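Hi,

Here is the structure I said I would pass on. Have a look at it first, and then read on for what I found.

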Amino acid sequence: VTVWTNIDYTNSKESAESMISNEYVQTGLLTGKAWDTVCHWIKSDDELKDSRTYGNYNNSLAPANENSGTKRTAGFNENWKVKNIYDLAGNVWEWTSEAYSSGFIARGGSYFADGSGCPVSHRIYNNASNADDVVGFRSRLYIK
């Protein structure tokens, strides 16, 4: 699975929403609340404050440090998976539908970030037009 980057908020939202849509399900960007719920399901509070043991950061800790600090395809390293969710921590920041002021919130950190300074629960404000190689998105499946 590749990581879709260099995509702004509007195109991320449109792409996530157009993946599946029928009378039973709909896809879309993760909400901030959904992100927080997943974080607490996969890890304890202490691990949410320092994600270096299971995320692709520039300072990842062993055993997850193979090629850390370099953007990778999703699922590259089994150590960056928790409860079958790959790369929630690190690799690329991910757009969420969480709005702030005139922009939107990205979550999760990136391969050039510090896993203790920007853990999986960290938020950054992004201008909606920002599109670079450290920001991508993850879709969520909503059951209607």
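One thing to keep in mind as you read: this is a predicted model. Starting on the outside, Met19, Ile20 and Leu141 make up a nonpolar surface patch, and together they have about 270 Å² of accessible area. Ile20 sits in the loop that runs between helix H1 (9-17) and strand S1 (25-29). With a relative accessible area of 36%, Ile20 comes out as partly exposed.

Next, helix H2, which covers residues 32-42. Its buried residues are Gly32, Ala34, Trp35, Cys39 and Ile42. Looking down the axis of H2, you will find these buried residues within an arc of 160°, so they line one face of the helix. What do they pack against? The buried residues of H2 pack against helix H3 (45-49) and a set of strands: S2 (81-82), S3 (85-86), S4 (93-100), S5 (103-107) and S8 (139-143).

Now the charged pairs. The structure has eight salt bridges, and I'll go through some of them here. Arg107 and Asp36 meet through their side chains, with 2.4 Å from N to O. That pair ties together distant parts of the chain, since Arg107 belongs to strand S5 and Asp36 to helix H2, 71 residues apart. Is Arg107 buried or exposed? Arg107 counts as buried, because its relative accessibility is 0%. Asp36, on the other hand, is partly exposed at 23%.

Another salt bridge pairs Glu78 with Lys81, where the closest N and O atoms are 2.8 Å apart. Both ends are partly exposed: Glu78 has 47% relative accessibility, and Lys81 has a relative accessible area of 26%.

Then there is the salt bridge between the side chains of Glu94 and Arg138, at 2.7 Å from N to O. Here too the pair links distant parts of the chain: Glu94 is in strand S4, while Arg138 is in the loop between strand S7 (135-137) and S8, 44 residues away. Glu94 is buried, with 4% relative accessible area, whereas Arg138 is partly exposed at 22%. There is also a network to look at: Asp36, Glu98, Arg107 and Arg123 are joined into one by salt bridges that share partners.

Last, have a look at the loop between H3 and S2, which holds both Ser51 and Asn59. Ser51 is buried, as its relative accessibility is 0%. Not counting neighbours within four places in sequence, Ser51 is in contact with Tyr57, Ala89, Gly115, Pro119 and Val120. Its side chain reaches the backbone nitrogen of Val120 at 2.8 Å. If you measure across to Leu88, Ser51 is 37 residues from it in sequence and 9.7 Å from it in space, C-alpha to C-alpha.

As for Asn59, its side chain makes a polar contact of 3.2 Å with the side chain of Asp114. A polar atom of the Asn59 side chain also lies 2.9 Å from the backbone nitrogen of Gly115. Which residues does Asn59 touch, not counting residues up to four places away in sequence? They are Arg52, Ala113, Asp114, Gly115 and Ser116. Gly115 therefore turns up in the contact lists of Ser51 and Asn59.

Cheers

Methods
Residues are numbered from 1 along each chain as its sequence is written. This is a predicted model: local features need pLDDT of at least 70, side-chain atom pairs count only at pLDDT 80 or more; totals for chains, interfaces and linings use all residues. Side-chain values use heavy atoms; hydrogens and water are left out. Patches are made of residues with over 30% relative accessible area and no salt bridge: like charges are joined within 9 Å, nonpolar side chains (Val, Leu, Ile, Met, Phe, Trp, Tyr) within 5 Å. Accessible areas come from the Shrake-Rupley method with a 1.4 Å probe; for residues, only the protein chains shown count as cover. A salt bridge is a side-chain nitrogen of Lys or Arg within 4 Å of a carboxyl oxygen of Asp or Glu. Helices (H or I, at least four residues) and strands (E, at least two) are DSSP runs, numbered from the N terminus. Buried means under 20% relative accessible area, exposed over 50%, partly exposed in between (1.4 Å probe, protein chains only). The arc is that of the directions from the helix axis to the C-beta atoms. Contact means heavy atoms within 4.5 Å. A polar contact is a pair of N or O atoms within 3.5 Å; within protein, one must be able to donate a hydrogen and the other to accept it, and residues adjacent in sequence count only if both atoms are side-chain atoms.
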